[in-house]
Amino acid sequence: DEQGCPVIGNCNFEDSTCGYIHSKSSDFNFVKQKGADAFENNGPLIDHTTETNQGGYMYAEAAGKASGASATISSPWMTLTTDCTVRFAYYLYGDNPGTLWLNNSNSLGSTAVWNSSQSTGDKKWQTAEVTIGRGSASQLVFEAKMDGTTSDIALDDIQLINCGVTPLCSDKEFSCLDPTCVSLD
């Protein structure tokens, strides 16, 4: 039934990662965080959703990482039945903030649809809107590629706007109308 069905692809990272997963091939992982990084007071001071230090977001920090190291977080697999706009908040900070990429992956490979390596300024969030095409078996892949040890990259408030989204459910899952997959158990 429809109880317990979240909206696929959308996430504000307040209570969970909404089915977004880390890539096993990443050099390190995004971490779910609230407020500034306690170690170095790096990263955003507040999240984008609640605009407080109690709100959650995903964070990738370069401290201790080699230049070129990357962290990747991917949406659940889905079918986009219409052209779709992806809106998200991002944060890049540091002398060499690195690059945040949004890729649209499918069975044919991965296509870069957006990237930025411009610092968003002193502890400020920016928003981006990107139109991606329809396609079967699609996955949104956000990659933070570090450019030195002073890179801070964060991600929040991912929204799929005017999208026809169908989840790719297994035979042990129920397909929700909103649309996502939930376990039949």
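The legends below describe close-up views of a predicted model of one protein chain.

**View 1. The whole chain is built from strands.**
The chain has 14 strands and zero helices. Read from the N terminus, its elements run β-β-β-β-β-β-β-β-β-β-β-β-β-β. Of the 185 residues in the chain, 46% are buried. About 9,100 Å² of the chain is exposed, and carbon and sulfur atoms supply 47% of that area. Counting contacts between residues at least 6 apart in sequence, 75% join residues at least 24 apart.

**View 2. A disulfide links Cys 11 and Cys 18.**
The count of disulfides in the structure comes to one. This bond joins Cys 11 to Cys 18, with an S to S distance of 2.1 Å. The angle about the S-S bond is 70°, and the link is right-handed. How accessible is Cys 11? Cys 11 has 4% relative accessibility and counts as buried, because buried means under 20%. Cys 18 has a relative accessible area of 29% and is partly exposed.

**View 3. Thr 17 sits in the segment before β1.**
Strand β1 covers residues 21-22, and Thr 17 is placed in the segment before it. Thr 17 has a relative accessible area of 27%, so it is partly exposed. Which residues does Thr 17 contact, leaving aside its neighbours within four places in sequence? They are Cys 11, Lys 32 and Met 58. Cys 11 is also one end of the disulfide to Cys 18. Ser 75 is 58 residues from Thr 17 along the chain, and the C-alpha atoms of these two residues are separated by 9.3 Å.

**View 4. Phe 13 pairs with Tyr 20.**
The structure holds nine aromatic pairs. In one of them, the ring centres of Phe 13 and Tyr 20 are 6.1 Å apart. The planes of these two rings are at 65°, so the pair is edge-to-face. Both Phe 13 and Tyr 20 are buried. Phe 13 is found in the segment before β1, and its relative accessible area is 0%. The phi of Phe 13 is near 60°, a positive value in a residue other than glycine.

**View 5. Tyr 91 pairs with Trp 125 in an aromatic cluster.**
The rings of Tyr 91 and Trp 125 have their centres 5.9 Å apart. Their planes are at 55°, so the pair is tilted. Where do the two residues lie? Tyr 91 is in strand β6 (residues 84-93), whereas Trp 125 is in the loop between β8 (109-116) and β9 (126-132). The pair therefore ties together parts that are 34 residues apart in sequence. Tyr 91 and Trp 125 are both buried. They belong to one aromatic cluster with Tyr 57, Tyr 59 and Tyr 93.

**View 6. Glu 51 has a positive phi in a loop.**
Glu 51 lies in the loop between β2 (31-34) and β3 (56-61). Is Glu 51 buried or exposed? Its relative accessibility is 58%, so Glu 51 counts as exposed. Although Glu 51 is not a glycine, its phi is positive, at about 55°.

**View 7. The largest nonpolar core has 33 residues.**
The residues with the most contacts inside the largest nonpolar core are Phe 88, Leu 102, Trp 114, Leu 140, Phe 142 and Ile 158. Several strands each supply at least two residues of this core, including β4 (70-74), β5 (78-80), β7 (99-106), β10 (135-145) and β11 (152-161). Strand β6 gives the most, with five residues.

**View 8. Phe 88 and its contacts.**
Phe 88 is one of the residues with the most contacts inside the largest nonpolar core. Leaving aside neighbours within four places in sequence, the contacts of Phe 88 include Leu 100, Leu 102, Trp 114, Val 130, Phe 142, Leu 155 and Ile 158. Gln 126, Thr 127, Ala 128, Asp 156 and Asp 157 are also in contact with Phe 88. Apart from the largest core lies another core, of six residues. Among its members are Tyr 57, Tyr 59, Ala 89 and Ala 154. Tyr 57 and Tyr 59 are also in the aromatic cluster that contains Tyr 91 and Trp 125.

Note on methods. Residues are numbered from 1 along each chain as its sequence is written. This is a predicted model: local features need pLDDT of at least 70, side-chain atom pairs count only at pLDDT 80 or more; totals for chains, interfaces and linings use all residues. Side-chain values use heavy atoms; hydrogens and water are left out. Helices (H or I, at least four residues) and strands (E, at least two) are DSSP runs, numbered from the N terminus. Buried means under 20% relative accessible area, exposed over 50%, partly exposed in between (1.4 Å probe, protein chains only). Contact means heavy atoms within 4.5 Å. Accessible areas come from the Shrake-Rupley method with a 1.4 Å probe; for residues, only the protein chains shown count as cover. Rings of Phe, Tyr and Trp (its six-membered ring) pair if their centres lie within 6.5 Å; planes under 30 degrees apart count as stacked, over 60 as edge-to-face and the rest as tilted. A nonpolar core is a set of buried Ala, Val, Leu, Ile, Met, Phe, Trp, Tyr and Cys residues joined through side-chain atoms within 4.5 Å. A disulfide is a pair of cysteine sulfur atoms within 2.5 Å.
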